[in-house]
Amino acid sequence: MGRGKIEIKRIENSSNRQVTYSKRRNGIMKKAKEISVLCDAQVSVIIFASSGKMHEFCTPSTTLVDMLDQYHKLSGKRLWDAKHEHLDNEINRVKKENDSMQIELRHLKGEDISTLNHKELMMLEEALENGITTLKAKQMEFVRMMRKHNEMMEEENQNLLFKLRQMHLDPMDENVMETQGVYDHQGVADYEAHQMPFAFRVQPMQPNLQERF
């Protein structure tokens, strides 16, 4: 006997509803894959569970975006609102600006300039001259900074050398002063030792006077 017909309505029991969702979702995905392979069809399936979780399938030979664009063209229905259209226009504008900048960059490199007219070449030359002037100014600024940095480093090195000399010379100065004091004291003693003492003796004017007394 076959299964009884199931009434299509919301399943109230949450557990039964989740089990049924999982089984039917897998069945739909399986059928989508089969028809994509068997019939060479482009198939895209997107399923959102009540919990918000998304499941999707898309034919490997295409993308969901391409399929949505094709749907938009064939159905004539608006898939995007004004906000999204404005965003799309902004993206296209940025792409055009990027392409224009790429062309200008090639021209600055000297590439693809054969199609430029005289006015465009003059503008290109002016842009290059301005760029060179700015580059030289930046180089000079860099040189000045390097010189200032070197001067500061040289001054710092001189200060360090001075402090280093002071650290080595201070003990030597004390030793020199002590040695000099010893030498000075010893010099005075030597001087006193080598000096002849002065002796005074009265000699009579007449030697015979001593005999008389």
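**Notebook: cysteines, a hairpin and a core**

I searched the whole structure for disulfides and found 0. I keep in mind that this is a predicted model. As a reminder to myself, a disulfide is a covalent bond between the sulfur atoms of two cysteines.

I then looked up how open two cysteines are to their surroundings. C39 counts as exposed because its relative accessibility is 53%, and the cut-off for that word is over 50%. C58 has a relative accessible area of 22%, so I noted this residue as partly exposed, since buried would require under 20%.

C58 led me to the strands. Which residue stands opposite C58? I found S44 there, with C58 lying in strand 2. Strand 1 and strand 2 pair in the antiparallel sense, and I noted 5 bridges for the pairing. The two strands form a hairpin with 5 residues between them, and in the turn G52 takes a positive phi of about 100°.

Next I followed the side chains along each strand, asking which ones are buried. In strand 1, V45 and I47 point to one face and are buried, whereas S44, I46 and F48 point to the other face and are not. Strand 2, residues 54-58, alternates as well: H55 and F57 are buried on one face, while M54, E56 and C58 point to the other and are not buried.

V45 deserved an entry of its own. Its bridge partner in strand 2 is F57, and, leaving aside neighbours within four places in sequence, I listed the contacts of V45 as I28, M29, A32, H55, E56 and F57.

Where does V45 belong among the nonpolar residues? I found V45 in the largest nonpolar core, which has 6 residues in all, the others being M29, A32, V43, I47 and F57. Helix 1 (14-38) and strand 1 (44-48) are the elements that give two or more residues to this core. For background I wrote down that in soluble globular proteins nonpolar side chains tend to be buried together.

I turned to helix 2, which runs over residues 64-75 and has 12 residues; from its first C-alpha to its last it reaches 16 Å, close to the 16 Å expected at 1.5 Å a residue. Just after helix 2 I noted G76, with a positive phi of about 75°.

Last, I checked a record against the model. An unreviewed UniProt entry carries the annotation "coiled-coil region" for residues 84-111. In the model this span is 89% helix and 0% strand, and its end C-alpha atoms lie 37 Å apart.

Technical notes: Residues numbered from 1 in each chain as written. Predicted model: local features only at pLDDT ≥ 70, side-chain atom pairs only at ≥ 80, totals over all residues. Heavy atoms only, no water. Disulfide = S-S within 2.5 Å. Buried < 20%, exposed > 50% of the residue type's maximum accessible area, 1.4 Å probe, protein only. Helix = DSSP H or I, 4+ residues; strand = E, 2+ residues; numbered from the N terminus. Expected span 1.5 Å × (residues − 1). Core = buried A, V, L, I, M, F, W, Y, C linked by side-chain atoms within 4.5 Å. Contact = heavy atoms within 4.5 Å. UniProt positions renumbered as here; feature names shortened; annotations may be inferred. Pairing = 2+ DSSP bridges.
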